[in-house]
Amino acid sequence: MSAAEKTNLLNLDRLAMQEFFVGVGEKPFRATQVIQWIHQYGVDDFDAMTNLGKDLRARLRDMAEIQAPEIIQDQTAADGTRKWLLRLNGGNAIETVFIPEEDRGTLCVSSQVGCTLNCSFCSTGQQGFNRSLTVAEIISQLLVANRALGRDPKGDRIITNVVLMGMGEPLLNFDNVLPAMRLMLDDYAYGLSRRRVTLSTAGVVPMLERLREECPVSLAVSLHAPNDALRDQLVPLNKKYAIQELLEACRRYCADSPRSRVTFEYVMLDGVNDSVEHAHELVDLLQTVPSKVNLIPFNTFPQTQYRCSSKAIIDRFREVLIAAGLTTITRKTRGDDIDAACGQLAGRVQDRTRRRERLVIKASQA
């Protein structure tokens with residue numbers, strides 16, 4: 001069987017893996033064994049899977065593969081943040097970031113090559129869009145990072161949290177993101193709890209309902225403005241799903257879990273969305289939604305029109321929210337010296353939208 005015809009087992013969550021083994025005349029429990037070898041032990045050689053019979057290992061070599069993206073660049077920032085550039089087919093590459101902290105290690109995972117949403121303050125959005133990632137390409141980011149970090153399957157976790165906050169809009173690739181998240185939660189794969197896996201969305205409202213029904217992980221919403229007029233400019237998706245529709249979906253998302261809260265992400269843009277009036281608008285907006293707020297200092301990138309709000313302005317904005325009873329933190333910028341901070345991920349995108357080309361032409365005419 002040619003490599004093109006082989007099944008990449010990284011594309012299969014446990015249910016799909018069971019179906020694969022039953023389809024070739026094996027017992028369903030083989031799925032658990034192989035998932036454990038791949039995701040807990042990082043094994044990509046069927047001969048090393050010693051609890052499988054020799055005949056089965058030979059058959060697997062013929063009909064399957066374990067093919068993860070290749071690391072083509074590995075950078076470490078001064079603060080310990082680590083970023084990998086991973087090669088995909090078609091000349092594309094994606095970026096994955098590991099953020100170490102005293103009490104946790106967070107992996108920021110991409111879900112698409114580029115992004116379709118074109119948020120004006122986001123470097124990823126300005127790179128254009130090529131395609132959505134496969135299940136294998138999403139979950140491989142966790143696999144590759146564990147290998148690079150030297151994880152011992154019997155030792156303490158290095159990666160304790162996963163956030164789908166990298167390149168792309170996860171809910172626009174739901175059918176591939178869902179199996180990848182199920183592997184993240186699977187005790188025989190990565191065994192993370194639902195509260196330690198966070199999906200960040202700009203607000204694809206219909207898919208929030210599916211997420212709530214099928215895999216209700218922690219939810220973060222890229223809000224960035226307290227009213228529709230301003231959010232239309234910053235997050236074009238708002239023209240399709242306005243703020244009140246989005247907030248109603250967030251209320252439904254939390255309805256079955258009284259202790260859960262939605263994290264609202266709010267990038268601080270100098271003179272754009274950072275006034276005291278904006279803060280009071282945000283307070284009024286979030287009063288009926290179980291929520292906490294992350295204020296994100298804007299991270300600059302080439303050809304951007306925006307600047308970051310000053311520390312004093314951010315502090316003043318946060319004080320208004322805290323005084324109103326909203327749990328609010330200012331996110332510490334990490335990895336900006338290697339362009340690994342929030343909004344800076346760019347990868348290498350073979351842009352099918354010609355967005356980058358149009359931006360360069362516009363900049364040259366300014």
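**Exercise 1. Find which residues of strand 6 are buried on each side.**

Solution. This is a predicted model. Step one: locate strand 6, residues 105-108. Step two: take one face, where G105 and L107 are buried. Step three: turn to the other face, where T106 and C108 are buried. Strand 6 is therefore covered on both faces, since buried means under 20% relative accessible area.

**Exercise 2. Work out how strand 6 pairs with strand 5 and with strand 9.**

Solution. Begin with strand 5, residues 93-100. Strands 5 and 6 run antiparallel and are joined by 4 bridges. A hairpin of 4 residues links the two. Next comes strand 9, residues 161-164. Strand 9 pairs with strand 6 in the parallel sense, over 3 bridges. Finally, follow L107. Its bridge partner in strand 5 is F98, and its partner in strand 9 is V162.

**Exercise 3. Place R195 and decide: buried or exposed?**

Solution. First, the location: R195 sits in the loop between helix 6 (174-185) and strand 10 (197-201). Second, the accessibility: R195 has a relative value of 61%. Exposed means over 50%, so R195 counts as exposed. Third, the surroundings: R195 belongs to a positive surface patch with R104, R259, R261 and K292.

**Exercise 4. Classify I296 as buried or exposed, then give its distance in space from T330.**

Solution. Find I296 in strand 13, residues 291-297. Its relative accessibility is 4%. The cut-off for buried is under 20%, so I296 counts as buried. Now look at T330. I296 and T330 are 34 residues apart in sequence. In space, their C-alpha atoms are 6.1 Å apart.

Conventions. Residues numbered from 1 in each chain as written. Predicted model: local features only at pLDDT ≥ 70, side-chain atom pairs only at ≥ 80, totals over all residues. Heavy atoms only, no water. Patch = residues over 30% accessible without salt bridge, like charges linked within 9 Å, V, L, I, M, F, W, Y side chains within 5 Å. Areas by Shrake-Rupley, 256 points an atom, 1.4 Å probe, with all protein chains shown as cover. Salt bridge = Lys/Arg side-chain N within 4 Å of Asp/Glu carboxyl O. Lys, Arg positive; Asp, Glu negative; His and termini not counted. Charge placed at Lys NZ, Arg CZ, Asp CG, Glu CD. Buried < 20%, exposed > 50% of the residue type's maximum accessible area, 1.4 Å probe, protein only. Pairing = 2+ DSSP bridges.
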